[in-house]
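Have the coordinates open in your viewer and follow along at your own pace. We will walk through this structure a few residues and helices at a time.

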Amino acid sequence: MSSVTTALLIATLPTAYSPSDEHPPSFLSPAIHAASAVAQKRVIIILLSRFFNKNPSVINNIEHFAGVQRLLTYVYVQAAKEDRPLLEIDVILRGLDEELKLELDENKESIVDAVYRISGDTIVVPLPVELLELPQIFIDPGEDERSSALSSTPSATEPPTSTSTFTVTALGGTFDHLHSGHKILLSMSAFVTSRRIIVGVTHPSLLVRKKHVSLIEPLDTRIEKVRRFLKMFKPDLDVYDIVPIEDVYGPTAWDAEVQALIVSKETLRGADEIAKLRASKSLPPLKTLVIDVISSDSSNLDDSDPEWLRKKMSSTAIREWIAQNGQHGDSNLVITDSAEKPREAER
């Protein structure tokens with residue numbers, strides 16, 4: 001399979017794995033490793049579960065924030081074990097009530113070369129003909145003492161009684177060379193958002209002291225990569241409000257509709273500053289949700305470790321690698337569902 005540029009892994013999470021499960025779905029590991037090892041450029045992982053159903057919603061997304069973050073982090077870390085900094089990794093969550101749709105790039109050329117599956121996995125979601133026509137590689141699941149049955153079928157579940165998402169959430173960052181840490185941050189923000197997500201992307205004027213500053217991607221490129229990933233992860237949002245920011249606040253300094261702020265451990269101080277500013281302007285306080293920092297071999301780094309920033313997946317480390325080894329381009333595949341394409345903010 002040396003000709004595989006982009007590998008796609010589709011797997012069903014058994015009913016035994018709920019978003020509140022603290023144990024990793026280790027049965028996925030062999031297939032993740034196989035797909036990541038063969039992909040020359042990109043690996044896309046789609047995880048299907050009734051817990052991600054939307055009609056009606058099965059779980060309270062806010063309450064299951066930590067569990068879904070653990071799931072995403074585990075999968076991203078497993079996919080990154082090849083230690084190839086420029087391998088693009090995308091993890092997508094879909095319910096069993098959604099029809100997957102494969103969108104081609106602007107040149108109408110499919111860039112998925114092979115589909116990886118897990119032996120014994122009965123996928124109940126209809127797959128696009130384009131995927132079924134591709135080579136299908138089946139990988140035996142890893143050992144897992146809790147569940148040997150990989151098929152998962154919907155069962156009657158009462159919808160959440162409390163508000164399961166925020167209407168508007170906000171987050172910010174440089175988002176240079178969009179990596180797994182960024183994608184977990186963006187994914188979890190989208191996971192708890194129902195209508196509008198605001199992403200502040202750092203303006204170049206604030207990046208002049210960054211290491212290898214000449215290798216930082218242009219602002220427009222960073223904004224477009226964020227937009228493209230969000231539209232792939234959650235295509236049914238009404239608004240993707242992705243804007244340049246020249247301070248820590250961005251739209252949170254004035255937008256009264258924002259309900260929650262999603263931050264990483266390293267940016268908690270910025271969340272405190274935002275809280276103070278909003279209080280001084282009598283704006284509603286924000287709920288702060290925190291994302292753990294990850295590295296290529298650990299799902300959670302202790303921020304008491306003085307080397308934690310150096311070891312985590314970082315844009316700085318990627319730029320350092322590029323400076324030493326060179327760089328290749330990116331791809332344009334988007335996998336979404338059959339919902340109407342959402343509108344974008346006019347900003």
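Gly 326 is partly exposed, because its relative accessibility of 29% falls between the 20% and 50% cut-offs. Keep in mind as you look at it that this is a predicted model. Gly 326 belongs to the loop that runs between helix H8 (315-325) and strand E12 (334-337). Which residues does Gly 326 contact, once neighbours within four places in sequence are left aside? They are Leu 86 and Trp 321. With Leu 86 the separation in sequence is 240 residues, yet the C-alpha atoms of Gly 326 and Leu 86 are 10.0 Å apart in space.

That pairing is a good cue to step back to the whole chain. The protein chain has 347 residues, and 54% of them count as buried. Its secondary structure comes to eight helices and twelve strands. If you take the contacts in the chain with a separation of 6 or more, 80% of them are between residues 24 or more positions apart.

Let us begin the tour of the helices with H1, which spans residues 29-38. Its buried residues are Ser 29, Ala 31, Ile 32, Ala 35, Ser 36 and Val 38. These buried residues pack against strand E1 (6-12), E2, H2, strand E5 (114-118) and strand E6 (136-139).

Of those partners, H2 deserves its own look. Two packed helices are described by the angle between their axes and the distance between the axes. For H1 and H2 the angle is about 45° and the axes are 8 Å apart. An angle of that kind lies between the 35 degree limit for roughly parallel and the 65 degree limit for roughly perpendicular, so H1 and H2 are oblique to each other. Their crossing is right-handed. On the H1 side, Ser 29, Ile 32, His 33 and Ser 36 take part, and they meet Tyr 74, Val 75, Gln 78 and Ala 79 in H2.

H2 also packs with H4, at an angle of about 150° and with the axes 10 Å apart. Angles over 145 degrees count as roughly antiparallel, and H2 and H4 are therefore described that way. Here too the crossing is right-handed. H2 supplies Phe 65, Val 68, Gln 69, Leu 72, Thr 73 and Tyr 76 to the contact, while H4 supplies Ser 180, Lys 183, Ile 184, Ser 187, Met 188 and Phe 191.

One of these residues is worth picking out. Is Gln 69, in helix H2, buried or exposed? Gln 69 is buried, because its relative accessible area of 6% is under 20%. Beyond the residues up to four places away in sequence, Gln 69 touches Ile 184, Met 188, Val 290, Ile 291 and Asp 292. Ile 184 and Met 188 are among the H4 residues in the helix contact just described.

Now turn to the aromatic rings. A pair of aromatic rings is described by the distance of the centres and the angle of the planes. How many aromatic pairs does a search of the whole structure find? It finds two. In one of them, Phe 52 and Phe 191 are arranged edge-to-face, with 6.3 Å from centre to centre and 90° between the planes. This pair links distant parts of the chain, since Phe 52 sits in the loop between strand E2 (42-48) and helix H2 (65-79), Phe 191 sits in helix H4 (residues 180-191), and 139 residues separate them. Both of these phenylalanines are buried.

Phe 229 and Phe 233 form a stacked pair, 6.2 Å from centre to centre with 25° between the planes. Both belong to helix H5 (residues 219-233), where they are four residues apart, about one turn of the helix. An α-helix has 3.6 residues a turn, so residues three or four places apart point the same way. Phe 229 and Phe 233 are also buried. Another ring has a charged partner: Arg 50 lies over the face of Phe 51, at 4.4 Å from the ring centre.

We finish with some backbone angles. Phe 175, in the loop between strand E7 (166-173) and H4, is not a glycine but has a positive phi of about 55°. Phe 175 counts as buried because its relative accessibility is 1%. His 177 lies in that loop between E7 and H4 as well, and its phi is near 45°, again a positive value in a residue other than glycine. At 7% relative accessibility, His 177 counts as buried.

Key
Residues numbered from 1 in each chain as written. Predicted model: local features only at pLDDT ≥ 70, side-chain atom pairs only at ≥ 80, totals over all residues. Heavy atoms only, no water. Helix = DSSP H or I, 4+ residues; strand = E, 2+ residues; numbered from the N terminus. Buried < 20%, exposed > 50% of the residue type's maximum accessible area, 1.4 Å probe, protein only. Contact = heavy atoms within 4.5 Å. Phe/Tyr/Trp six-rings, centres within 6.5 Å; stacked < 30°, edge-to-face > 60°. Lys NZ or Arg CZ within 6 Å of the ring centre and 35° of its normal. Axes fitted to C-alpha atoms, helices over the stretch in contact; angles between N-to-C directions. Parallel < 35°, antiparallel > 145°, perpendicular 65-115°, else oblique. Left-handed = near helix turned anticlockwise from the far one by under 90°.
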